[in-house]
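Here are my notes on this model, set out point by point. Please read them with the structure open.

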Amino acid sequence: MTAALRRPIRVRLPDGSLHVGPVVDLRRVEAAPDAATLRRAVAGGLPAEPAAPSVVRPPPTPVHPFVSHLAAGIGLDRRGALAALARLRGHDADGALAELDRVRKAIADAAPAETADLAAARRRAAEAGVETDRLRERAATIRGRVEATRDTGGDVAAAETDLAETMRRLSEVATERVAARQRLAALEAEVRRSRDTREARMRLEDRAANLERDARRALAAAAYDAFAAAVTALPPTFDADAGTGPGEFDGDPLSAALAVARAASLRAPVVVDPTVVDRFGGLAPSVRYLSGPVVVR
């Protein structure tokens, strides 16, 4: 008996009944919830609702999500499951996982900068320039009128007042123009930095995708011998063949999931459909194959 089978699990159903043991067979328990509910209870450990079942068990491993429900018709990300199995068995894809973590952190740090409102800043700078030029022309015109009036001995008071007001306004607009140009220059620099950040982030995302693909491939290969041995140990009723590599497995997803579960040395229970038990020829052979805690439902 494996260590996992020596540690009983405790399944409390919504009707208050308690089922304890390394194997909990709920096939003839009318009050038992469906398999999906039990699978969620295994994953969560505690009931999310008062009426939900609870399962007291060792913490699930990263492989558990791939094999938590074993039934005909399930789907399986086989390479993902094999990669999780390899990590569980201590493989690190020759350092690729550490490099992948470093790249993912760099991606998180390279958050895209906020998009600057460059169009509005350019419009404000242009408008300030046009107004400055207009006031300069007006000031020159008024100055000419003042000189002409003075030459003819006329009263220049009104023209000088108009000139003073125009010059005051010109000073204000010129200051606004300088500020608008400085603001535009700052925003243009921000846009360049944002563009550089986006390009760097895209390169990092490409690097992370390549690393993840390489790591999954290496991890799947590292775990394949254990997986293949587990496939070979399946009864003939599953009609599965491991082949010589992760891409050569010939069988249904259930067979692959069973092999991953066996190779993973389960700690938390998996929920096994009764038809799967039947294909093993009974409860004892199925538990012996999985070598871990089981809830049959």
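1. Is Arg138 buried, partly exposed or exposed? Arg138 counts as partly exposed, because its relative accessibility is 35%. The model is predicted, so a word on confidence comes next, and then the contacts of this arginine.

2. Confidence. The mean pLDDT of the protein is 89. Of its residues, 94% reach 70 or more. Among the elements, helix α9 (residues 274-280) has the highest mean pLDDT, at 97. Helix α1 (residues 3-6) has the lowest, at 62. Where pLDDT is low, the predicted coordinates should not be read in detail.

3. Arg138 and Asp162. These two form a salt bridge, with the closest N and O atoms 3.0 Å apart. Arg138 lies in helix α6 and Asp162 in helix α7, so the pair ties together parts that are 24 residues apart in sequence. Asp162 is partly exposed as well, since its relative accessible area is 22%. The cut-off for buried is under 20%.

4. Arg134 and Glu131. This salt bridge sits within helix α6 (residues 118-151). Its N to O distance is 2.9 Å. The partners are three residues apart, so about one helical turn separates them. Arg134 is partly exposed at 42% relative accessibility. Glu131 is also partly exposed, with a relative accessible area of 23%.

5. Arg217 and Asp214. Helix α7 holds a pair with this spacing: Arg217 and Asp214 are three residues apart, about one helical turn. Their side chains meet in a salt bridge at 3.2 Å, N to O. Both ends are partly exposed: Arg217 has a relative accessible area of 44%, and Asp214 has 40%.

6. Salt bridges overall. How many salt bridges are there? The count comes to 17. Side chains of opposite charge can pair when their charged atoms come close. Some of these contacts go beyond a single pair: Glu165, Arg168, Arg169 and Glu172 are linked in a network of salt bridges.

7. Span of helix α7. This helix covers residues 157-232. Ala200 is found in α7. The C-alpha atoms of Ala200 and Glu160 are separated by 60 Å. Along the chain, these residues are 40 apart. Ala200 counts as partly exposed, because its relative accessible area is 25%.

8. A patch of negative charge. Which residues gather in the patch of negative charge on the surface? They are Asp239, Asp241, Glu248 and Asp250. Asp250 lies in the loop between α7 and α8 (253-263). Asp239 is found in the loop between α7 and α8 too. Exposed means over 50% relative accessible area. Asp250 therefore counts as exposed, at 52%. Asp239 is exposed at 66%.

9. Backbone at Asp239. This residue deserves a second look. Asp239 has a positive phi of about 50°, although it is not a glycine. Most residues other than glycine have a negative phi.

10. Backbone at Ser291. Ser291 also has a positive phi, of about 55°, and is not a glycine. Ser291 lies in the loop between α10 (283-290) and β7 (294-296). Ser291 counts as partly exposed, because its relative accessibility is 22%.

Technical notes
Residues numbered from 1 in each chain as written. Predicted model: local features only at pLDDT ≥ 70, side-chain atom pairs only at ≥ 80, totals over all residues. Heavy atoms only, no water. pLDDT = per-residue confidence, 0-100. Helix = DSSP H or I, 4+ residues; strand = E, 2+ residues; numbered from the N terminus. Patch = residues over 30% accessible without salt bridge, like charges linked within 9 Å, V, L, I, M, F, W, Y side chains within 5 Å. Areas by Shrake-Rupley, 256 points an atom, 1.4 Å probe, with all protein chains shown as cover. Salt bridge = Lys/Arg side-chain N within 4 Å of Asp/Glu carboxyl O. Lys, Arg positive; Asp, Glu negative; His and termini not counted. Charge placed at Lys NZ, Arg CZ, Asp CG, Glu CD. Buried < 20%, exposed > 50% of the residue type's maximum accessible area, 1.4 Å probe, protein only.
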